[in-house]
Amino acid sequence: MKKRLKHRFTVLLLLAAGLLGGCDQNDDIDEIFCSGTWYVVDYYTNFNWSNLAKDAGKPLNGGKPDVLSVIQQFTLQFKDDGSLEGKLQNGSLTGQWQADPEGRTVSFRDIQASPLTGQNKEFVEYLKRCTLYQGNSRLLHLTNGEKAKYLQLNHGNN
């Protein structure tokens, strides 16, 4: 009888420890977003958003060095106070950002940018439409609900 009670107590103790100290599946927003300067890699199409590790898609501007030389100079810095700063071609941007780890949602608002032409305009308009994110402190992917295209950022200047 004592062995059975001891066994039950051990099982209950292990279950309680698992519940109290279990893995947190939520992302650490500050670790991901506020981890330094993010550089644009490229936009991607034909991908599997549910499994980017297996099917990352096709780079949209892979064969366009003139476009890549511009967009890969774009930067974003997410501040822990919800503000956003970035560099564009011959200009800059500011705004506000917010992310929710439960649904991996993201929003950008009050974006002010200058000059707002060419690749700068495309980038800013894309950010305004983004609603979803994936990533970690090394790679960040942003897309919208349509998931037709995503933006990849990293911490190394390409």
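Start with the whole chain on screen. Among contacts in the protein chain between residues at least 6 apart in sequence, 54% join residues at least 24 apart. Keep in mind that this is a predicted model.

**Stop 1: the overall layout**

Colour by secondary structure. The protein chain holds four helices and nine strands. Walk from the N terminus and the elements come in the order α-α-β-β-α-β-β-β-β-α-β-β-β. Now switch on the surface. Its accessible area is about 9,600 Å², and carbon and sulfur atoms account for 50% of that. Of the 158 residues, 36% count as buried.

**Stop 2: the core**

Hide the surface. Select Phe 33, Phe 108, Phe 123 and Leu 142. Within the largest nonpolar core, which has 38 residues, these four touch the most other members. Next, select residues 37-45, which make up strand E1. This strand gives the core its largest share, five residues.

Zoom in on Phe 33. What does Phe 33 touch, not counting residues up to four places away in sequence? Show Trp 38, Phe 78, Trp 97, Ala 99, Val 106, Tyr 133 and Leu 140 to see those partners.

**Stop 3: strand E9 and the strands it pairs with**

Select residues 150-154, strand E9. Five of its five residues are buried. Show the side chains and turn the strand to see both faces. Tyr 150, Gln 152 and Asn 154 lie on one side, and Leu 151 and Leu 153 on the other; all are buried.

Add E1 back to the view. Five bridges join E1 to E9, and the two run antiparallel. Pick Tyr 43 to find one such pairing: its bridge partner in E9 is Leu 151.

Now add residues 139-143, strand E8. E8 and E9 also run antiparallel, joined by five bridges. Here, Thr 143 stands opposite Tyr 150 of E9. Follow the backbone from E8 into E9. The two form a hairpin with six residues between them. Stop at Lys 147 in the turn, where phi is positive, about 55°.

**Stop 4: backbone oddities**

Most residues other than glycine have a negative phi, and most peptide bonds are trans. The next selections depart from that pattern.

Go to Arg 104, in the loop between strand E5 (91-100) and E6. Its phi is near 50°, a positive value in a residue other than glycine. Is Arg 104 buried, exposed or partly exposed? Its relative accessible area is 37%, so Arg 104 is partly exposed.

Move along to Asp 110, which lies in strand E6. Asp 110 has a positive phi too, near 55°. Its relative accessibility is 53%, so Asp 110 counts as exposed.

Then select Ser 114 and Pro 115. The peptide bond that joins them is cis, with omega about -10°. Pro 115 sits in the loop between strand E6 (105-114) and helix H4 (118-129).

**Stop 5: Ser 83**

Finish at Ser 83, in strand E4 (residues 83-88). Why does Ser 83 count as buried? Its relative accessible area is 17%, and buried means under 20%. Show Asp 81 as well. The side chains of Ser 83 and Asp 81 make a polar contact of 2.6 Å. Last, display Gln 77, Phe 78, Gly 95, Gln 96 and Trp 97. Ser 83 is in contact with these residues, leaving aside its neighbours within four places in sequence. Two names here return from the core stop: Phe 78 and Trp 97 also touch Phe 33.

Notes:
Residues numbered from 1 in each chain as written. Predicted model: local features only at pLDDT ≥ 70, side-chain atom pairs only at ≥ 80, totals over all residues. Heavy atoms only, no water. Core = buried A, V, L, I, M, F, W, Y, C linked by side-chain atoms within 4.5 Å. Buried < 20%, exposed > 50% of the residue type's maximum accessible area, 1.4 Å probe, protein only. Contact = heavy atoms within 4.5 Å. Pairing = 2+ DSSP bridges. Areas by Shrake-Rupley, 256 points an atom, 1.4 Å probe, with all protein chains shown as cover. Polar contact = N/O pair within 3.5 Å; in protein donor to acceptor, adjacent residues only side chain to side chain.
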